[in-house]
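User: Please examine one part of this protein closely and describe its surroundings in a connected account. I should like the charged pairs and the nonpolar packing to be covered as well.

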Amino acid sequence: MRVLSQLPPDLPRLRMILAHLDRQIAENHTIGVYLRLQRDAVREALARAEHRPPRRPSRAKGGGALPGFTPLPAAGVGFVVQQKRTPTGPEPALIHLVDCSMIEGRPHRIRADEARAALTDPNVEACRRCRPDTELGIDLA
């Protein structure tokens, strides 16, 4: 996972993020590996920021995104399908909203009509957290 493109370019915010990640790693051993990866990405961004000349902030009021952050595209609701493989065979596929926090592995993006059709298959389930079936107007309960 690469989070470098979403990190701010300025030193104060990078240092604050780094301090937060170091605290979280020390307090949460179960997610330490993930946090170490994030911390390493912040350290890389911090090293790059320290070696480039500082940018002058814009004096214009309002408008525009925060510096260093890329706004999400306004493409509407998206869907992904996730297939888990286990030692005993594949589990039923899961359909998620594209921004669901429960997505694992490498899901594949699908269109709304494909998600709707997939949810009619008995080997495909809707995520119980993000409820793509509700978004699609399907009552699976």
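User: Where is His-96 found, is His-96 buried or exposed, and with which residues is His-96 in contact?

Analyst: The model is a predicted one, and the description below should be read accordingly.

His-96 is found in strand β4, which covers residues 93–97. With a relative accessibility of 1%, His-96 counts as buried, because the limit for that class is under 20%. Its side chain makes a polar contact with the side chain of Gln-82, at 2.7 Å. Gln-82 also appears in the list of residues in contact with His-96 once neighbours within four places in sequence are set aside. That list further includes Gly-78, Phe-79 and Val-80. Met-102 and Ile-103 are in contact with His-96 too, as are Cys-127, Cys-130 and Pro-132.

The nonpolar packing involves the strand that holds His-96. The largest nonpolar core has 14 residues, and Phe-79, Ile-95, Ile-110, Ala-115 and Leu-119 are those with the most contacts inside it. Strands β1 (79–82), β4 and β6 (124–126) each supply at least two residues of this core. The greatest contribution comes from β4, with three residues. Phe-79 thus has two roles in this account: it is in contact with His-96, and it is among the residues with the most contacts inside the largest core. A second core, separate from this one, consists of eight residues, among them Leu-7, Val-42, Leu-46 and Ala-49.

The charged pairs complete the picture. Side chains of opposite charge can pair when their charged atoms come close. Four salt bridges are present in the structure. One of them joins Arg-131 and Asp-133, with N and O 2.9 Å apart. The two partners fall into separate accessibility classes: Arg-131 is partly exposed at 36%, whereas Asp-133 is buried at 2%. Salt bridges with shared partners also link Arg-111, Asp-113 and Glu-114 into one network. Within this network, the side chains of Arg-111 and Glu-114 meet at 3.6 Å, N to O, and Glu-114 is partly exposed at 34% relative accessibility.

A further salt bridge is formed by Arg-13 and Asp-10, whose closest N and O atoms lie 2.8 Å apart. Here Arg-13 is partly exposed, with a relative accessibility of 25%, and Asp-10 likewise counts as partly exposed at 25%.

Conventions: Residues are numbered from 1 along each chain as its sequence is written. This is a predicted model: local features need pLDDT of at least 70, side-chain atom pairs count only at pLDDT 80 or more; totals for chains, interfaces and linings use all residues. Side-chain values use heavy atoms; hydrogens and water are left out. Buried means under 20% relative accessible area, exposed over 50%, partly exposed in between (1.4 Å probe, protein chains only). Helices (H or I, at least four residues) and strands (E, at least two) are DSSP runs, numbered from the N terminus. A polar contact is a pair of N or O atoms within 3.5 Å; within protein, one must be able to donate a hydrogen and the other to accept it, and residues adjacent in sequence count only if both atoms are side-chain atoms. Contact means heavy atoms within 4.5 Å. A nonpolar core is a set of buried Ala, Val, Leu, Ile, Met, Phe, Trp, Tyr and Cys residues joined through side-chain atoms within 4.5 Å.
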